[in-house]
Each structure stands twice: as C-alpha cells, then as structure tokens.
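Please find below some notes on this protein chain, set out as numbered points. They are meant to be read beside the sequence and the coordinates.

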Amino acid sequence: MSDMLNKTIALVLNRNWQAINVRTPQEAFCMMATNVATALEIDGENQIRPVTWEQWITLPIRPQDNAVRTARGPIRIPTVIVAVNFAKVPKKRPKLCAKTIRERDGNRCQYTGKVLKPDEGSLDHVVPRSRGGKDAWENLVWSSKAVNTKKGNRLPHEAGLKLLSVPRAPKELPVSALIRNAHSIPEWKLFVEE
C-alpha cells in the first residue's frame with residue numbers, strides 16, 4: 001500500500017461509461033461522498049462493478065491499489081469513477097501548442113509545402129508578435145526554420161512568401177478522444193487509449 005494521494009488521478013466516465021474527464025483523488029472522493037459519482041471496482045475486464053461511497057470505504061486494499069490514510073484507516077483511491085447523472089460527452093479543442101499546430105499542418109511548411117521532420121520546423125506567427133500578432137490558431141503556422149528565419153518580423157507578403165492555406169482552429173473533438181492513458185493505468189485501458 002502506498003500513500004499516493006498527490007500522484008494519482010481518477011478517470012471520470014459519464015453514465016454511459018464514456019471517458020469525459022480526470023479528477024484528483026480528493027475531487028473523486030468528494031464526488032463519491034455527495035453521491036454525484038460511484039466508483040468502479042475493477043478486477044479484470046469481466047469483473048467491473050459500481051460501488052457507492054458507503055461500500056467503497058469498507059473495501060480491502062489490494063496489493064495493486066493506492067490508498068490514503070485516514071482517521072478511520074486506509075481507503076482505496078479509485079482509478080475510475082462514474083458521474084451518475086451526466087450523459088453528455090463535452091467537446092473541446094486540442095491545446096494550442098507547437099505539437100498541435102504541427103499536427104494540424106500535417107508536418108508541412110505552410111509556405112513551401114515541404115514535409116518537415118519535427119526538428120526541422122518551428123512555429124511562425126503570420127502576423128509577428130512584435131507587430132501585434134497573437135498566439136492563436138488563426139495566426140500560427142508550422143514553418144521550416146530557414147523560412148521562418150528569412151521571414152523574421154515581417155508579414156508573409158513583405159518577405160515574398162505566400163501561405164498555402166489559411167490557418168484555422170481545429171474542430172472541437174469529444175473530450176473522450178483527447179484523454180490519454182499516459183501513465184498506463186491498467187483499469188483505464190478499458191475506457192481510453194494509451
């Protein structure tokens with residue numbers, strides 16, 4: 001048993017068992033104690049059962065479990081909880097960062113069309129920051145480092161460049177498509193991708 005309260009997160013499913021969020025153990029415990037969520041006791045793919053807060057606090061701590069110590073003794077930290085009254089899957093845009101701009105632009109320089117390796121490209125502000133350009137989907141493109149250096153703090157037409165396509169924000173995706181099992185939590189594998 002380990003005291004992993006600050007290192008674990010719980011996957012939140014809607015009532016249809018679709019991944020919609022992640023929560024800290026403290027938040028998961030609050031959701032369970034107020035009957036907003038039930039935890040899933042998972043013992044392999046075929047042994048999954050919803051458990052109320054009153055039942056959860058009496059469960060034994062298994063070797064694979066993380067637990068928190070309380071005045072009444074150790075309590076297992078849930079890895080998956082179900083928001084019992086929530087049916088929707090919210091939508092969200094991917095996070096604005098170099099990786100998502102590169103993915104949106106298909107690893108292509110948006111001025112030359114050349115496919116770039118990740119280390120050959122960089123973010124370019126179409127309207128440079130020095131001229132009031134913002135960090136926004138519509139103002140950021142993936143560009144080869146050489147072209148970006150040539151462009152400098154000029155607008156594309158001032159540097160003799162033309163964008164191949166107008167940069168746009170990607171469509172919002174169901175949050176379930178954006179949640180990844182980055183820590184390879186065994187119970188999450190039933191609900192999200194690695």
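The points go from the whole chain to single residues.

1. On the basis of the note: this is a predicted model, in which local features need pLDDT of at least 70 and side-chain atom pairs count only at pLDDT 80 or more, whereas totals for chains, interfaces and linings use all residues. Residues are numbered from 1 along each chain as its sequence is written, and side-chain values use heavy atoms, with hydrogens and water left out.

2. On overall form: the C-alpha trace of the protein chain spans about 70 × 30 × 30 Å along its principal axes. The radius of gyration is 23 Å, where a compact globule of 194 residues would have one near 16 Å; the radius is taken over C-alpha atoms, and the globule rule is 2.2 Å times the number of residues to the power 0.38.

3. On secondary structure and contacts: the protein chain has 5 helices and 12 strands, where helices (H or I, at least four residues) and strands (E, at least two) are DSSP runs numbered from the N terminus. Among the contacts in the protein chain with a separation of 6 or more, 62% are between residues 24 or more positions apart, a contact being heavy atoms within 4.5 Å.

4. On surface and charge: buried residues make up 40% of the 194 residues, with buried meaning under 20% relative accessible area, exposed over 50%, and partly exposed in between (1.4 Å probe, protein chains only). The protein chain exposes about 11400 Å², of which carbon and sulfur atoms supply 53%; the areas come from the Shrake-Rupley method with a 1.4 Å probe, and for residues only the protein chains shown count as cover. The mean positions of the 31 positive and 19 negative charges are 7 Å apart, counting Lys and Arg as positive and Asp and Glu as negative, without His or the chain ends, and placing each charge at NZ of Lys, CZ of Arg, CG of Asp or CD of Glu.

5. On helix 1: which residues of helix 1 (residues 25-33) are buried? They are P25, A28, F29, M31 and M32, and because they cover an arc of only 160 degrees around the axis, they lie on the same side of helix 1. The arc is that of the directions from the helix axis to the C-beta atoms.

6. On backbone angles: most residues other than glycine have a negative phi. N35, just after helix 1, takes a positive phi of about 60 degrees. W17, in the loop between strand 2 (10-13) and strand 3 (19-23), has a positive phi of about 65 degrees although it is not a glycine, and W17 counts as partly exposed at 32% relative accessibility. S184, in the segment after helix 5 (175-178), is likewise not a glycine and has a positive phi of about 50 degrees; its relative accessibility of 36% makes S184 partly exposed.

7. On V82: is this residue of strand 8 (residues 80-83) buried or exposed? V82 is buried, with a relative accessible area of 5%. Not counting residues up to four places away in sequence, V82 touches L13, N14, R15, W17, V36, A37, T38 and L40. V82 and N16 are 66 residues apart in sequence, and their C-alpha atoms are 8.6 Å apart in space.

8. On D43: this residue is found in the loop between strand 4 (37-42) and strand 5 (48-51), and at 44% relative accessibility D43 counts as partly exposed. Leaving aside neighbours within four places in sequence, D43 is in contact with R62 and Q64. The C-alpha atoms of D43 and E187 are separated by 8.4 Å, although the two residues are 144 residues apart along the chain.

9. On two exposed loop residues: K134, between strand 10 (121-125) and strand 11 (140-144), counts as exposed at 58% relative accessibility. Beyond its neighbours within four places in sequence, K134 is in contact with H125 and N139, while the C-alpha atoms of K134 and R15, 119 residues apart along the chain, are separated by 39 Å. V166, in the loop between helix 4 (145-151) and strand 12 (173-174), counts as exposed at 57% relative accessibility, and the C-alpha atoms of V166 and L140, 26 residues apart along the chain, are separated by 10.0 Å.
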